[in-house]
Amino acid sequence: MMSKIKLGYAPTRRSIFSAPDAVKYRGLTKDRLIELGVDFVDIDDINEEGLLYNDADMKRILEKFKAEKVDGLFIPHCNFGTEYVCSRLARELGVPVLLWGPRDERPDENGIRLRDSQCGLFATGKVLRRFQVPFTYMTNCRLNDPEFERGIRDFLRVCNVVKTFYHTRILQIAPRPFDFWTTMCNEGELLEKFNIQLSPIPMPELTKAIRIAKETDPAVKETMEFLRENAILEVNEQELENIAALKVAMKNLASFYGCNAIAIQCWTALQDELGIMPCCANSLLTEEKIPVVCETDIHGAITSIMV
C-alpha cells in the first residue's frame, strides 16, 4: 500500500522558443495529472505563466515546495527549458527528479520547431549530472500515450520508496546470533548516510512486554481468535497464547519506539524463553505493513520496507 505522495510541479521553458505554446503545454500537462489523480503543488502563483525559467522565481518555487514538503520533483519541458535553473532547483530540493517533454509536431514551413523539448532534456540531464543530482526521465511522448501514465505511476512508486527509506527506524530485538555473520551491519554508517535509525532493546524487554500484553491487552485474545478462524493450528493453547502475545508485544514496542520495521533474534534465545518460533507472529505483523525479519537482519528489514 503506497502512502500519499505529493509532487512539485515545475514546468519549464526557454526564452528563444514559443512561450505561448509552453504555457499551453503546462496547462495540458496539469490537466492530465489531475485526470490521473496525482497530488501535486503548482507554481501558477509564482509568475504569470506558471513556468520556471529564471533564478528569482526558482528561489520562490524552492521555498514553496519545501514548505509543502513535496516528495518528488516533476519538470516537464514545455519547450527547450532552462537547464541550469532546473538543476539548481533539483539540487536544493533534494528529492527524486523526473524529466519529460512532449513530442514535437513537425517543424513549420520555415523549418522552426515550436518546442525542441527533446534537445532541452539532453541539456538538463547533462547539467543534473554535473550537479551530481540523480534523476529519471520519460521518453518524449504524448500526454495520452500509455508511456506517460506508466512513467508517472512508476515515479510515484520511486518517491514512495525514497520517502520511506529516509524515514526508517528499525526495532532491533537482541543482537544477531553468533552463527549469523552474514547479518552484521554498520549502525553508524546507516545513520550517517541514510538517516536510518536503530532502536535496540534486549531480549528481557521483549519478554516483559509479552507478560504485560497477556495481562492487560485484549489484542492477545483477539489475535488468538483470528488464528483459530484462519489457520490450521498444530500448537497447544499455551503456545498459541505465546504466539499471539509475541505479535502484540512486538507491535506495541514498535509503536513505543516509533519504528516501522522490526529485526528479531529468533534463534535460539527466543525458543528458550517462550518455547515457540516467532514465524507466525512475524507474518501477522508483516501483513499489517510492519515487516519483521529474522536473525536481527537489519539490511533485510530495510529491503522489506522498500518492497
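**View 1. Packing of helix 8 against helix 9 in the predicted model.** Helix 8 (residues 219-230) packs on helix 9 at an angle of about 120 degrees, the axes being 8 Å apart. Helix 8 is therefore oblique to helix 9. Angles under 35 degrees count as roughly parallel, over 145 as roughly antiparallel, 65 to 115 as roughly perpendicular and the rest as oblique. Axes are lines fitted to C-alpha atoms, for helices over the stretch in contact, and angles run from 0 to 180 degrees between N-to-C directions. The crossing of the two is right-handed; in a right-handed crossing the near helix is turned clockwise from the far one by less than a right angle, in a left-handed one anticlockwise. A219, V220, T223, M224, L227 and R228 of helix 8 contact helix 9 residues E237, L240, E241, I243, A244, A245, K247 and V248, where contact means heavy atoms within 4.5 Å. Helices (H or I, at least four residues) and strands (E, at least two) are DSSP runs numbered from the N terminus.

Residues are numbered from 1 along each chain as its sequence is written. In this predicted model, local features need pLDDT of at least 70 and side-chain atom pairs count only at pLDDT 80 or more, while totals for chains, interfaces and linings use all residues; side-chain values use heavy atoms, with hydrogens and water left out.

**View 2. Packing of helix 7 against helix 9.** Helix 7 (residues 203-216) meets helix 9 (residues 237-256) at an angle of about 110 degrees, with 8 Å between the axes. Helix 7 is thus roughly perpendicular to helix 9. This crossing is right-handed. On helix 7 the contacting residues are E205, L206, A209, I210, A213 and K214; on helix 9 they are Q238, E241, N242, A245, L246, V248, A249, M250 and L253.

**View 3. Strand 3 within the parallel sheet.** Five strands form an open sheet in the order 2-1-3-4-5, with parallel pairing. Strand 2 (39-41) and strand 5 (136-137) each have a single partner strand, so one side of each lacks a neighbour in the sheet. Two strands pair if DSSP finds at least two bridges between them. Strand 3 (residues 72-76) is joined to strand 1 (residues 6-9) by three bridges, with L7 partnered by G72 and G8 opposite L73. Four bridges link strand 3 to strand 4 (residues 97-100), where F74 stands opposite L98.

**View 4. The two faces of strand 3.** In a regular strand the side chains alternate between the two faces of the sheet. Here G72, F74 and P76 lie on one side and L73 and I75 on the other, and all are buried. Buried means under 20% relative accessible area, exposed over 50%, and partly exposed in between (1.4 Å probe, protein chains only). Strand 3, helix 3 (residues 83-93) and strand 4 make a right-handed β-α-β unit: with the strands pointing away from the viewer, the path from the first strand over the helix to the second runs clockwise.

**View 5. Backbone exceptions in three loops.** Most residues other than glycine have a negative phi, and most peptide bonds are trans. The W267 to T268 peptide bond is cis, with omega near 5 degrees; T268 lies in the loop between strand 8 (261-264) and helix 10 (269-274). A174, between strand 6 (169-173) and helix 6 (187-194), has a positive phi near 75 degrees and counts as buried at 6% relative accessibility. E295, in the loop between strand 9 (292-293) and helix 12 (298-306), has a positive phi of about 55 degrees and is buried at 12% relative accessibility.
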